[in-house]
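Thanks for sharing this one with me. Here are my notes, set out as numbered points so that you can follow them with the model open beside you.

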Amino acid sequence: MSHAVSGLPVGRGLLYLIVAGAAWGTAGAAASLVYRASDMGPVALSFWRCAAGLVLLLAARLLDPRGRSALPERYGRSAVARSCGRSAVPEPRAAVLRRKVLRAGVTGLGLAVFQTAYFAAVDSTGLAVATVVTLGAGPVLIALGARLTLGERLGRGGTSAVAGALAGLAVLVLGGGGATVRPWGVVLALLSAAGYSVMTLLTRRWGRDGGADAAATTVGAFAVTSLCLLPFALAEGLLPHTTEPVRLLWLLAYVAAIPTALAYGLYFAGAAVVRSATVSVIMLLEPVSAAVLAVLLLGEHLTAATVAGTLLMLGSVAGLALAEARGTRAGKEEALLV
């Protein structure tokens with residue numbers, strides 16, 4: 001099929017994921033500037049990122065009439081009826097709300113584990129190792145999970161693309177040398193990868209079953225994640241000290257708006273219609289975007305490892321995206337012939 005049950009074309013889903021991955025990569029540079037401008041800690045930053053992003057998303061839904069009326073349109077008939085093209089069969093509203101709460105809760109917990117465990121891994125074993133283990137283990141766990149639970153096969157080309165992307169990630173992040181591997185940090189990074197994998201696989205499953213509402217999923221996930229992070233943020237120090245309050249507010253507003261509200265909304269929409277393994281590789285654009293910004297804005301030097309790793313990862317992402325698009329077109333032609 002060229003469209004998901006929700007009506008989003010796969011090609012647009014791929015574009016959403018590419019934009020989301022690039023936007024996520026800007027969060028690291030913004031966070032570095034936040035740390036320079038204040039004494040805010042990583043957990044507090046993560047909390048404010050999700051809480052402010054939640055406020056922005058709620059405001060957008062209140063201002064958009066389609067957002068307020070989305071519940072009966074997107075959840076009003078069963079997945080079986082939608083997949084078979086039959087007329088709408090209203091579901092009990094209580095069942096609809098239970099499903100929404102369950103999906104928001106599970107996705108929010110996955111997001112909280114993903115973000116918090118990653119920050120803890122960075123603190124334990126350093127940014128380079130934490131990034132390689134988290135983002136490197138993600139595609140592997142997702143590919144295995146998608147094969148076992150969703151019946152999605154990568155194929156030889158897809159496997160080569162994932163391998164190339166992981167090699168590029170290792171070269172890009174570890175190319176500078178000086179990385180220190182600590183076992184507890186690796187465990188935390190693997191836990192972060194597991195949270196990301198569960199979030200991606202469930203989003204894909206719900207998208208295939210029908211009735212996936214990316215905006216509602218994002219709002220619910222941010223609400224749950226904010227509640228999970230609040231006690232840890234309070235323990236760390238919720239309100240930072242700064243001599244540049246205006247600059248800090250602008251940076252926090254950017255983090256909440258672009259790499260959070262916008263990027264996660266696009267991610268949940270794209271992940272519902274694109275194969276899970278493809279999603280995981282496309283999201284590796286995050287460290288590519290971060291590396292480019294580090295060179296352009298933070299004064300880091302452009303090294304051979306940065307160039308080689310970036311080219312490897314971009315080539316793998318492009319190859320896998322093209323394979324996804326070709327597979328979608330082939331499936332559409334086959335359906336028409338049948």
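1. Contact here means that heavy atoms lie within 4.5 Å. With that in mind, Thr107 is a good place to begin: leaving aside neighbours within four places in sequence, Thr107 is in contact with Met199, Trp206, Thr217, Ala221 and Phe268. Please keep in mind throughout that this is a predicted model.

2. Where does Thr107 sit? Its place is in helix α6, which covers residues 93-125. Thr107 has a relative accessibility of 2%, and buried means under 20%, so Thr107 counts as buried.

3. Now for the overall picture. The protein chain has 14 helices and zero strands, so the order of elements from the N terminus is simply α after α through to the end. Of the 338 residues in the protein chain, 47% are buried. The accessible surface comes to about 16,100 Å², and carbon and sulfur atoms account for 69% of that surface.

4. How much of the contact pattern joins residues at least 24 apart in sequence? Taking contacts in the protein chain between residues at least 6 apart, the share is 86%. The pairs in the points below show some individual examples.

5. Helix α1 (residues 10-37) is worth a look alongside helix α2 (residues 42-63): their axes come within 12 Å and cross at roughly 125 degrees. That angle makes α1 oblique to α2. From α1, the contact is made by Trp24, Ala27, Ala31, Val34 and Tyr35, and from α2 by Pro42, Leu45 and Arg49. The crossing of α1 past α2 is right-handed.

6. Helix α1 also packs with helix α11 (residues 245-271), where the axes come within 8 Å and cross at roughly 155 degrees. Angles over 145 degrees count as roughly antiparallel, which is why α1 is described as roughly antiparallel to α11. The handedness of the crossing between α1 and α11 is left-handed.

7. Helix α2 has a partner of its own in α10, with axes 8 Å apart and an angle of about 150 degrees. α2 and α10 are therefore roughly antiparallel to each other. Here, too, the handedness is easy to state: α2 passes α10 in a left-handed crossing.

8. Which residues form the salt bridge? The structure holds one salt bridge, and its partners are Glu244 and Arg247, with the closest N and O atoms 3.5 Å apart. Glu244 counts as partly exposed at 32% relative accessibility, and Arg247 also counts as partly exposed, at 35%. If you are checking side chains by eye, this pair is a handy one to display.

9. Glu244 deserves a second glance for its position. The residue lies in the loop between α10 (214-236) and α11. Along the chain, Glu244 and Ala37 are 207 residues apart, yet their C-alpha atoms are separated by 6.3 Å.

10. Back in helix α6, have a look at Ala117. Is Ala117 buried or exposed? With a relative accessible area of 6%, Ala117 is buried. Not counting residues up to four places away in sequence, Ala117 touches Ala112, Leu188, Leu191 and Ser192. Ala117 and Ala193 are 76 residues apart in sequence, with a C-alpha to C-alpha distance of 8.7 Å.

11. My last residue is Gly145, whose place is in helix α7 (residues 127-150). Gly145 has a relative accessibility of 13% and so counts as buried. What does Gly145 touch, not counting residues up to four places away in sequence? The answer is Leu150 and Leu201. Gly145 is also paired in space with Val198: their C-alpha atoms are separated by 8.6 Å, while their positions lie 53 residues apart in the count along the chain.

Terms used: Residues are numbered from 1 along each chain as its sequence is written. This is a predicted model: local features need pLDDT of at least 70, side-chain atom pairs count only at pLDDT 80 or more; totals for chains, interfaces and linings use all residues. Side-chain values use heavy atoms; hydrogens and water are left out. Helices (H or I, at least four residues) and strands (E, at least two) are DSSP runs, numbered from the N terminus. Buried means under 20% relative accessible area, exposed over 50%, partly exposed in between (1.4 Å probe, protein chains only). Accessible areas come from the Shrake-Rupley method with a 1.4 Å probe; for residues, only the protein chains shown count as cover. A salt bridge is a side-chain nitrogen of Lys or Arg within 4 Å of a carboxyl oxygen of Asp or Glu. Axes are lines fitted to C-alpha atoms, for helices over the stretch in contact, and angles run from 0 to 180 degrees between N-to-C directions. Angles under 35 degrees count as roughly parallel, over 145 as roughly antiparallel, 65 to 115 as roughly perpendicular and the rest as oblique. A crossing is left-handed if the near helix is turned anticlockwise from the far one by less than a right angle, and right-handed if clockwise.
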